[in-house]
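This briefing concerns side-chain interactions in a single model. Please keep the sequence and the structure in view while reading.

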Amino acid sequence: MKSLIIVLTLAVFIVGLGGITVAENIVTDGLISYWTFDQSDIVDNTVKDVWGENNATIVGNPSIVKGHLKDALKFDGIKDYVNLTTLGDFGAKLDHSTFEAWIKTDYKDNWSTIIKTIGSNCDKSVMIWGIDINRKMVDLEDLKLDPFGPRIIFTEDFIQLYLPSLFKNKNGCSLSFLRGEYPISDGEWHHLVYTTKPVDKNGAEQTERAFFIDGTLNRISVFNPLVKNAQYKYVPFTDPVYLGAGNNRGKAEGFFNGIIDEVRIYDRPLTEAEINQNYQSNTGLAVEHKDKLTTVWGTLKKR
């Protein structure tokens with residue numbers, strides 16, 4: 001009789017294993033901060049960093065809605081954003097980093113910001129880092145026509161990614177842009193990943209930037225971020241990073257109109273395989289089961 005119970009127990013255990021959902025967790029190697037925006041991770045106006053130490057602060061009144069995974073934050077495009085803090089020493093690691101988020105928006109009436117900070121000066125701090133949508137740098141031909149016109153303008157379906165080149169000039173810091181036309185303001189969920197890493201090109205250290213949408217590489221560029229023999233280098237942010245708006249030296253601008261979910265930053269560039277792992281993951285950090293083994297065991301005991 002005892003042997004029969006053992007056999008039945010093993011059989012049920014194996015059946016239970018077959019009920020586990022096959023789903024990979026997100027990559028955690030190099031993960032610095034992770035904001036799920038699940039209701040359980042938000043207390044009053046504080047958003048818990050479920051992996052790191054950068055608890056964020058909600059400004060305005062974004063609403064908690066159904067997200068890509070569980071819950072998410074919906075921004076009104078007027079005054080809502082999240083202060084992610086200065087993110088510790090992350091600013092010093094911009095040349096080998098990853099930003100990742102799920103977004104959903106159909107707003108095309110003006111440009112807006114997903115994430116951005118603009119520093120106070122160029123001598124020792126990072127000038128600007130972030131992502132704008134429906135916005136681009138004007139072309140050289142346009143500048144010839146109107147040299148005194150705006151340099152960055154609203155342009156539907158364009159995405160502009162910023163990274164400081166740390167070239168100092170009479171106007172402050174030079175910037176390097178990665179931009180392209182991506183029609184993501186279509187009311188559907190999109191997975192965005194912005195990575196940077198140092199590369200050796202013809203014996204010179206440069207920085208490679210890549211932009212992925214829904215697990216697919218869409219844009220890549222390489223540039224030299226530093227002046228030869230210059231003392232400028234990436235250092236921790238001096239101004240907080242805003243999500244759902246841009247922090248322009250303490251002033252919020254470019255308010256996002258839509259939903260943001262599952263925001264993560266890494267202190268290293270994720271590989272294409274890792275980006276696809278995160279894109280395909282429907283569990284976040286936790287593995288979910290179709291049937292709990294404890295439930296199966298309880299049923300067996302009742303019998």
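The points below treat one histidine and its surroundings, and then a selection of salt bridges.

The model is predicted. A search of the whole structure finds nine salt bridges, among them the pairs D29–R268, K116–D132 and R264–E262. H191 is described separately, through its polar contact with E100 and its wider set of neighbours.

**H191 and its surroundings**

- H191 belongs to strand β13, which comprises residues 189–201.
- With a relative accessible area of 1%, H191 falls under the 20% limit and is therefore classed as buried.
- The side chain of H191 makes a polar contact of 2.6 Å with the side chain of E100.
- Leaving aside residues up to four places away in sequence, H191 touches E100, A101 and W102, the run F212, I213, D214 and G215, and also I275, N278 and Y279.

**The D29–R268 salt bridge and its network**

- D29 and R268 form a salt bridge in which the closest N and O atoms are 3.5 Å apart.
- This pair links distant parts of the chain, its members being 239 residues apart. D29 sits in the loop between α1 (2–18) and β1 (31–35), and R268 in the loop between β19 (257–266) and α3 (272–280).
- The two partners differ in exposure: D29 is exposed, at a relative accessible area of 52%, whereas R268 is buried, at 18%.
- The value for D29 is over 50%, so this residue counts as exposed; the value for R268 is under 20%, so this residue counts as buried.

**The K116–D132 salt bridge**

- K116 and D132 meet through their side chains in a salt bridge, with an N to O distance of 3.0 Å.
- K116 is in strand β9 (residues 112–118) and D132 is in strand β10 (residues 128–137), so the salt bridge ties together parts that are 16 residues apart in sequence.
- Both K116 and D132 are buried.

**The R264–E262 salt bridge**

- R264 and E262 form a salt bridge, and their closest N and O atoms are 3.1 Å apart.
- R264 has a relative accessibility of 1% and counts as buried; E262, at 2%, also counts as buried.
- Elsewhere, salt bridges that share partners join D29, R268 and E274 into one network.

Technical notes. Residues are numbered from 1 along each chain as its sequence is written. This is a predicted model: local features need pLDDT of at least 70, side-chain atom pairs count only at pLDDT 80 or more; totals for chains, interfaces and linings use all residues. Side-chain values use heavy atoms; hydrogens and water are left out. Helices (H or I, at least four residues) and strands (E, at least two) are DSSP runs, numbered from the N terminus. Buried means under 20% relative accessible area, exposed over 50%, partly exposed in between (1.4 Å probe, protein chains only). A polar contact is a pair of N or O atoms within 3.5 Å; within protein, one must be able to donate a hydrogen and the other to accept it, and residues adjacent in sequence count only if both atoms are side-chain atoms. Contact means heavy atoms within 4.5 Å. A salt bridge is a side-chain nitrogen of Lys or Arg within 4 Å of a carboxyl oxygen of Asp or Glu.
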